[in-house]
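Student: Please walk me through this model, starting wherever you like.

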Amino acid sequence: MVDRVLFVCHANLCRSPMAEYLARRLLADRPVTVASAGTDAMDGLTMHPYAMEIATEAGADPAAFRSRTLRPEHLADATLVLTATRRQRSICTSLAPAALHRTFTLRQFGRLAAAAEPQAESADDSLRAAIAAAAHARGRLQPAAPDADDLRDPIGGTAADFRRCAEEIERSLRPLAALIGAAG
């Protein structure tokens, strides 16, 4: 069984595609696949040019990328759902209530994964073990300010704004990669 991480943002043009391509690089040696979708996406659009530049720098060829609208089956197939904002997390759990315990904002999960104590599991269950460890850490952390969970949308901004967003995404993904590595 292949574990899947699904990244969700608004239009699936900037944040979630950047997270998808950055995660592919960071999780390349793990038994995990990644994908992305948007709560309000229009199917078939190319990635924003600045996001495409960042994906290319991550070693990917994003030319074939096309946006897709989030559907309940995407959530049902995902082992872990990471959203750009609390609003998108809420939409995901409304579309697929069974995904509640495996749906987090990206920044929230990054904090939880950083505070988690790795659980030894088989390599096949490393993502599930990482999710369990992060969920367990939730009870040990003080709640963050609500806006600390939201990843700012760089749309309409400069290339530097996209780069800052990508850096925040990568900062949030590194603890996940480390936790999966420790579990596997």
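Tutor: Let me start with a definition: a disulfide is a pair of cysteine sulfur atoms within 2.5 Å. This is a predicted model, in which local features need pLDDT of at least 70 and side-chain atom pairs count only at pLDDT 80 or more, while totals for chains, interfaces and linings use all residues. Residues are numbered from 1 along each chain as its sequence is written, and side-chain values use heavy atoms, with hydrogens and water left out.

Student: OK, how many disulfides are there by that rule?

Tutor: The count comes to 0 disulfides. Cys-9, for instance, is in none, and the nearest cysteine sulfur, which belongs to Cys-14, is 6.8 Å away.

Student: And why is Cys-165 without a bond?

Tutor: Its closest cysteine sulfur is in Cys-14, at 7.8 Å, so the two are too far apart for a bond.

Student: Are those two cysteines, Cys-9 and Cys-165, buried or exposed?

Tutor: Taking buried as under 20% relative accessible area, exposed as over 50% and partly exposed as in between, with a 1.4 Å probe and protein chains only, Cys-9 is buried at 3%, and Cys-165 counts as buried at 5%.

Student: Switching to the sheet, which strands does E1 pair with?

Tutor: Helices (H or I, at least four residues) and strands (E, at least two) are DSSP runs numbered from the N terminus, and two strands pair if DSSP finds at least two bridges between them. On that basis E1 (residues 3-9) runs parallel to E2 (residues 32-38), joined to it by 7 bridges, and E1 also pairs with E3 in the parallel sense over 4 bridges.

Student: Which residues stand opposite each other there?

Tutor: Between E1 and E2, Arg-4 stands opposite Thr-33. Towards E3, Leu-6 stands opposite Val-81 and Val-8 stands opposite Thr-83.

Student: How enclosed is E1?

Tutor: Largely so, because 6 of its 7 residues are buried.

Student: What about the two faces of E3?

Tutor: In a regular strand the side chains alternate between the two faces of the sheet. In E3 (residues 80-83) both faces are covered, with Leu-80 and Leu-82 buried on one side and Val-81 and Thr-83 buried on the other. E3 also pairs in the parallel sense with E4 (residues 103-105) over 3 bridges, where Leu-82 stands opposite Phe-104.

Student: And how buried or exposed is Ala-35?

Tutor: Ala-35 is found in E2 and is partly exposed, with a relative accessible area of 23%. Its C-alpha atom is separated by 6.3 Å from that of Phe-7, although the two residues are 28 apart along the chain.

Student: Which helices make the β-α-β units, and with which hand?

Tutor: A crossover is right-handed if, with the strands pointing away from the viewer, the path from the first strand over the helix to the second runs clockwise. E1, H1 and E2 make a right-handed unit of this kind, and E3, helix H4 (residues 86-95) and E4 make a right-handed one too.

Student: New topic, how many cavities are there?

Tutor: On a 1 Å grid over the protein atoms alone, a cavity is a set of points where a 1.4 Å probe fits but cannot get out, a pocket is an open set with protein on both sides within 12 Å along at least five of seven lines, and lining residues have an atom within 4 Å of a point. Grid points are joined across faces, edges and corners, and a volume is the space filled by probe spheres set on the points. The count is 1 cavity of 30 Å³ or more, and the largest cavity holds about 50 Å³ of space. The elements giving two or more residues to its lining are E1, helix H1 (15-26) and E3.

Student: What about the largest pocket, how much space lies in it and what lines it?

Tutor: About 190 Å³ of space lies in it, and its lining includes Arg-107, Asp-147, Arg-164 and Cys-165. Helix H7 (residues 159-183) gives the most to that lining, with 4 residues. Counting Ala, Val, Leu, Ile, Met, Phe, Trp, Tyr, Cys and Pro as nonpolar, Asp, Glu, Lys and Arg as charged, and the others, Gly among them, as polar, the lining has 3 nonpolar, no polar and 7 charged residues.
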